[in-house]
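Subject: Structure handover and notes on its packing

Dear colleague,

I am passing on the structure we discussed, and my notes on its contacts, core and ring pairs follow below. Please read them with the coordinates open.

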Amino acid sequence: MTEEQVRAAVAVANVPSLLMVLFQFSGDARWLQAPYLPTRGKGLVDHDSGGLPDAVQIEIREASVDVILRLQDGETPAITAPSPELTARMMSVCMGEPVGSEQGEMLAAEVARRIDPDQPELALPPVHAPAGFKLLLIGTGVAGVAAVHQLEDMGVDYEILERQPDAGGVWWMNTYPGCGVDTPSHLYSFSFARNDWSRHFELRDDIQRYFTQTLKDLGADQRIRYNTEVLSATYDEGRNKWALRVRCGDAEETLEADVVLTGVGSLNLPRLPDVPGRDTFAGIQFHSSQWPEDLDVDGKRVVIVGAGASSMQIAPAIADRVGHLTIVQRSPQWVAPFDKFMQPITAELRRLLQGCSLYFAWYWIRLFWQFGDKVIEALRVDPEWEHPERSVNARNDAHREFFTRYLTDRLAGRPDLIEKSLPEYPPFGKRILLDNGWFETIRRDDVDLVTDPVAELRPGSLVTASGADLPADVVIWATGFQAARFMSSVDVRGRNGARLSDVWDGDNPKAYLGVSVPGFPNFFMLGGPNSFPGSGSFLYFMEVQMRYVRALLTTMFDRRIAALDARQDITDAYNELVDRTHDRTVWTHPGMQTYYRNSRGRVIFVMPFLNAEYWQMTKNFNLNDYTIR
């Protein structure tokens with residue numbers, strides 16, 4: 001960047017991130033003291049000014065121009081790698097709130113990784129796989145790409161099986177209007193594949209292209225068998241081999257592997273309600289994840305069943321095209337302000353994020369904290385809290401007040417919509433959704449928000465339980481997925497022919513660290529039960545899990561172990577910890593229903609731990625946790 005370009009970029013940059021660049025480059029402690037201390041940001045906004053007076057902001061920006069130019073010239077920062085203790089202190093200043101020392105080790109590692117993911121300090125031990133070793137990886141979604149990065153570095157022989165015609169997992173499958181991420185684009189990125197995003201919150205097409213391009217850049221595109229569905233996986237105990245029955249078109253074949261690694265996920269099997277008369281409807285109906293490529297909704301009477309994440313993206317995207325839109329809401333959702341919805345990242349800021357790794361690292365780590373462990377503390381139950389019916393602790397109650405004010409402001413003058421839209425359960429009990437025009441949409445004269453359950457479908461309408469007849473040309477079932485039925489698309493059989501779906505009793509999956517199941521040797525999962533972050537970056541989380549799987553495989557190779565699986569007692573103890581911890585989180589609150597829970601009410605989707613806690617659990621592989629076959 002020229003000096004003029006640096007000045008233009010710094011003028012629109014995040015001041016707290018610039019402040020950390022100044023301190024790490026200079027080592028001058030004055031940048032961590034008054035008058036340079038940012039205030040705590042509210043909600044999920046970037047808080048770009050840091051809440052600092054204009055004169056202080058100008059001083060920070062001016063000093064940053066000089067530092068960034070010197071970094072470009074090759075000068076080395078005074079602090080090349082902040083210690084865990086220093087990183088926690090820097091984060092506390094950067095965020096304007098206390099960041100515990102228990103976060104320091106993880107945050108320090110991630111700052112280093114974002115500065116340079118290829119630096120020697122982050123290199124993992126070499127891998128020496130035995131001759132003839134073969135691994136089969138299922139899926140090319142988030143987990144699959146995270147796995148490929150490590151498998152390529154390990155140099156093992158592997159093949160990828162993908163039932164869809166292209167990469168991306170749910171991002172290939174979901175093509176509905178308005179589809180995009182609800183976490184910042186730079187947070188929804190792999191550490192090993194930095195991307196020049198054009199929007200703060202990217203849309204589906206660019207995300208799917210990112211996955212495809214990343215696999216190509218990793219050199220894995222020739223290893224992928226697209227349009228190949230895995231029907232079954234059967235373990236041969238005598239040979240320590242897995243046999244996978246796969247189908248491509250009309251042809252079936254059996255593939256063999258020493259290890260099966262699955263990134264199948266659980267948000268891929270549509271959930272459709274059992275509504276009488278569905279087969280009599282004369283119009284067009286489909287699940288939101290199966291949007292017809294040639295669908296024309298212009299002038300049509302459209303009914304969307306559901307008011308969750310996909311509905312909140314679809315409705316604003318089509319409201320000005322349809323003749324009339326009806327939204328059948330099963331339960332209201334907490335909705336947060338979305339100041340950067342559809343906002344482009346300016347060319348100046350894109351240039352800075354791509355050209356200054358130190359700035360990128362601190363910009364990323366701010367997002368990581370803000371959307372991650374900062375939120376989790378607001379989700380844990382305070383047993384002394386005096387209003388458990390509405391919130392779980394004082395901070396959670398403050399979130400409730402903030403979101404309530406936002407909702408009533410956006411729906412001012414419409415008490416009918418406020419009554420329908422205001423949840424009774426605590427914030428974050430369900431995933432917080434972002435307002436991408438939702439409140440503006442439901443205020444429209446040609447949009448109706450209905451809260452009666454669906455009773456039946458007729459040839460030209462949908463009928464609610466109260467008897468209301470809603471004319472419809474198109475019915476969109478935005479009713480979510482069978483999230484509790486992990487791996488249900490594959491018939492997995494382990495030792496003694498045990499079927500995984502039976503071991504899990506259908507919708508009660510349990511695994512050790514979400515990775516390994518007793519009785520299923522050399523069958524490992526990414527994104528298994530209780531391994532989705534309650535808040536934060538799923539891509540980061542899959543990288544953490546895959547580094548653990550790499551350590552597991554490396555130990556197997558080094559110790560000449562043919563097969564291993566998690567011990568039953570270790571798995572039981574881990575899941576008891578999961579359940580005990582979940583009992584103290586908002587996700588077990590009795591006042592709501594969520595896909596996070598199974599039919600028994602047990603939380604099986606998200607993990608109850610801080611990112612830093614799970615990071616510590618998986619930091620070092622312990623062979624004593626496993627049964628050696």
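Which residues does V381 touch, not counting those up to four places away in sequence? In this predicted model, the residues that V381 touches under that condition are V392, D583, R584 and T585. V381 is found in the loop between α12 (373–376) and α13 (394–410), and with a relative accessibility of 34% it counts as partly exposed. Its C-alpha lies 8.5 Å from that of S391, a residue ten places away in sequence.

Turning to the interior, the largest nonpolar core holds 197 residues, and the members that touch the most others are I60, F190, L244, L325, Y359 and L553. Helix α17 (residues 538–558) supplies the largest share of this core, with 13 residues. A second core, separate from that one, consists of twelve residues, including V303, V328, L457 and W477. For L325, when neighbours within four places in sequence are left aside, the contacts are V302, I304, A315, I318, A319, T441, D446, V447 and D448.

On the aromatic side, the count comes to 34 pairs. One of these is the tilted pair of F486 and F605, whose rings are 6.5 Å apart centre to centre, with 40 degrees between their planes. Because F486 belongs to the loop between β17 (474–477) and β18 (491–493) while F605 belongs to the loop between α18 (568–582) and α19 (611–619), this pair ties together parts that are 119 residues apart in sequence. F486 counts as buried at 5% relative accessibility, and F605 likewise counts as buried, at 4%.

Another pair, Y548 with F621, is edge-to-face, because the ring centres are 5.8 Å apart and the planes stand at 65 degrees. Since Y548 lies in helix α17 and F621 in the loop between α19 and β21 (626–628), the pair ties together parts that are 73 residues apart in sequence; both residues are buried. Beyond single pairs, there is a cluster in which ring pairs link F486, F532, F538, W587, Y595, Y596 and F605.

Finally, two arginines deserve a look for their placement over rings: R114 lies over the face of W364, at 3.6 Å from the ring centre, and the charged end of R194 sits over the ring of F360, at 4.0 Å from its centre.

With best regards

Conventions: Residues are numbered from 1 along each chain as its sequence is written. This is a predicted model: local features need pLDDT of at least 70, side-chain atom pairs count only at pLDDT 80 or more; totals for chains, interfaces and linings use all residues. Side-chain values use heavy atoms; hydrogens and water are left out. A nonpolar core is a set of buried Ala, Val, Leu, Ile, Met, Phe, Trp, Tyr and Cys residues joined through side-chain atoms within 4.5 Å. Buried means under 20% relative accessible area, exposed over 50%, partly exposed in between (1.4 Å probe, protein chains only). Helices (H or I, at least four residues) and strands (E, at least two) are DSSP runs, numbered from the N terminus. Contact means heavy atoms within 4.5 Å. Rings of Phe, Tyr and Trp (its six-membered ring) pair if their centres lie within 6.5 Å; planes under 30 degrees apart count as stacked, over 60 as edge-to-face and the rest as tilted. A charge sits over a ring if NZ of Lys or CZ of Arg is within 6 Å of the ring centre and within 35 degrees of the ring normal.
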